[in-house]
Structure formats: structure tokens, C-alpha cells
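User: I should like to learn how to read a sheet and its salt bridges in a structural model. Could you take me through the case shown here?

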Amino acid sequence: MAMEKVDIIGGGIAGLALAGRLDPGRFAVTVYEQRPELPTVGTTLAMWGEAQQALSELGMLGAARSRGATIKTGALRSPTGEPMLSMEGEGLMGISRPELLALLDSAVPETVRRIIGRVDKLPAGAGLTVGADGVNSVVRRDYWGKRSAARPTPFLAVRGVIPGTPSTADIGEYWGRGEIFGLAPAGTGTNWYASFRSGAGMDKVDVATALEMTRRRYAHYSPAVLKVLSLASPENSLAQQIWTTPPMGRYVRGNVVLLGDAAHAMTPNLGRGACEALIDALTLGKLLNEMSLEAALAAYGRKRMLRTQQLRLASSLMGSIALAQGMQPWRDALLKQVGKQVARSRRKAETSK
């Protein structure tokens, strides 16, 4: 029986997860990736329940948990650190992007062919071409046209991991006027991220310059934030403009399919981008292993398009709230009121036990 040819463009989370899930006895898989090596610097990714299930299906949930951190609690905070709305995060796992990529890479069968280099023209002759090549996807550009081009937001994302575990009294997101700052555990370190308006359309961002901008911008924040920024350096930090994909009506055209950020790159405000890329890959891989190509692609579109487009929109709306400027006082007052109601409900539940 002839092997079915699959070309996966992109060796990130979605591409590696799919390569690790496809049946090596049925598919001849090639992964195209422009990076010669896996990244060594990256921030913590939140793994929600469905993403953890996907890791379990790949046989690496235990390893991921041993390398990551459990996020049990946190709060939405004012710039001074005052909790406005406390949140419980039982079951949420954090793992660094380099650690997750290393685990996914280790699960790729040796039969998978790997080609290193930038893909400007798609390879010919594939039974299936998979666009897992990120927000600026070449596959999406070639098959979905100019209207599908990535869109810049006016927001800069600066993030990193520093040594030292954060205090539970400091964990959470600090919402200011048109800016946010987050702190969370990351294995034996502290994951941090900042986002604020800085102009649109920057292709490359100098990390050292971005760190200086961030320190100036958050100079009035709590001591916990200032301490983190004092330990951040270009060597343990990343900076990039946030780009998103436009609304997509389909992820499949003929024998071409989109996964992850190539299909639904979203703002980071819900912490769902990496999760959904992983779920995309495991869903498509399972369907391809069990069905004909045509049936699998149709089922993938039904299962994943609406769900991920809803999350893309919800993340954008959450970003509008978190990064509000003129409406900030009303937003904060509402958060504090909701926080008081949640606290009362928790106390009532505890006393009734």
C-alpha cells in the first residue's frame, strides 16, 4: 500500500504535535522548519484542560507536569498590587515554550523527514499540505489570498523568565491604564509579561530597547513588578509586536489545511493560543489516522473552525477591557465589586460545609 504524502510547513507546536500524532505506517511526513535548532528562550504557556488531554494522548503529560508548574491561584490587581478580583486556577498548568517544544520534538518518529530552511514557495506533489507556519503563514497567503494577511495590533508584548519563585501574594495580572503586567510561577522561576500600546506594524523589535520602554512605563507599579524588571535582561527576555489573523470562514481548501496561529492567531489575553494549536494538531491527526483524507479534513473544519474563531474574538474583547484607557476607572470599580461578590460567595460556601 502506497504511503500518503504529508508536508507540514512549520515546526512549532502545531507542526511537531501533528508529526508526532500521524500514523507512521500510513503517512510519509515531511516537516519544513526555518530554525536550525529549537529555541532556548521563551515564556510560560498556560495549558488548560483540553490541552493537557492532548499532551496525555501524546504520552507526555507526566513529563510536561514535571517540567512545568501548577498555577493554583492569582488575582487581577491594580498597579500597586491591590487585588481587585481573586481567581482560582486549579488544574491549570504552566510550561515554558522551549520545554514544550523539546517534548513535542522528542515524540516525532524517526521516519519523519525534516528540511531546514525558509519556505517561500510551497513544495509540490503533496497529498496534504499543512500550514502550521504561524501568523504570517506562507500557506495561508498562497491559498487564501491577500485578504487573509496578518494584521498588526498597536500593542507590544515584552516577556521573559527570571530566577526565583514568585510569592503567592504577587501572582496575577496587574491592570493599569492601557497596559497590563503579569506574574506567574514557571518551574523554578518566575514568568512575566507586559503589554502596552506602542505603535503598529513593527517587523522587528530590539529587546534591550523594549525592556527600557517597559521599565519606564511600569516605574509606578508595585515593588514585585519593579523587582522582576530589574532582573530582566535581553538574554532572558523576548519582545515582539502582537499580530493577529483576520476572521477566517474556513481552514481547509482542497488538500490544504491550516493549524494554530496560521488559522487563528489571537491576542494573548486569554492564554489560549498554544492550547488551541495543540488541540488543532491532535484533532487533525486523530481524524487523518481514522478516516479518508477528504472526510478527515471536512470533520476537522466542523470541529475546530467555529470554536477557535470564537476564542479569537473573545481574546480580542478581553484585550480591549484589560488595556482600556479612558474607561479604566469604571472597569476597576466593576472588578472590585465582582471581587467582593465572589469573596462573599466563597465564604458562604465554606461556612455551609
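Analyst: The following turns treat the sheet, then the salt bridges. This is a predicted model, in which local features need pLDDT of at least 70, side-chain atom pairs count only at pLDDT 80 or more, and totals for chains, interfaces and linings use all residues. Residues are numbered from 1 along each chain as its sequence is written, and side-chain values use heavy atoms, with hydrogens and water left out.

User: In what order do the six strands of the open sheet lie?

Analyst: Strands of a sheet pair through backbone hydrogen bonds, either parallel or antiparallel. Here strands are DSSP runs of E of at least two residues, numbered from the N terminus, and two strands pair if DSSP finds at least two bridges between them. The order is 6-2-1-7-14-13, with mixed pairing. Strand 6 (113-116) and strand 13 (252-253) are the edges, each pairing on one side only. Strand 1 (residues 4-9) and strand 7 (residues 128-131) run parallel, joined by four bridges; Ile9 has Gly131 as its bridge partner in strand 7.

User: How many salt bridges does the whole structure hold, and is Glu276 buried or exposed?

Analyst: A salt bridge is a side-chain nitrogen of Lys or Arg within 4 Å of a carboxyl oxygen of Asp or Glu. The search finds 16. Arg272 and Glu276 form one of them, with closest N and O atoms 2.8 Å apart. Buried means under 20% relative accessible area, exposed over 50%, and partly exposed in between (1.4 Å probe, protein chains only). Glu276 is buried at 0%, and Arg272 is buried at 13%. Both residues belong to a salt-bridge network with Glu50, Asp280, Arg304 and Arg307.
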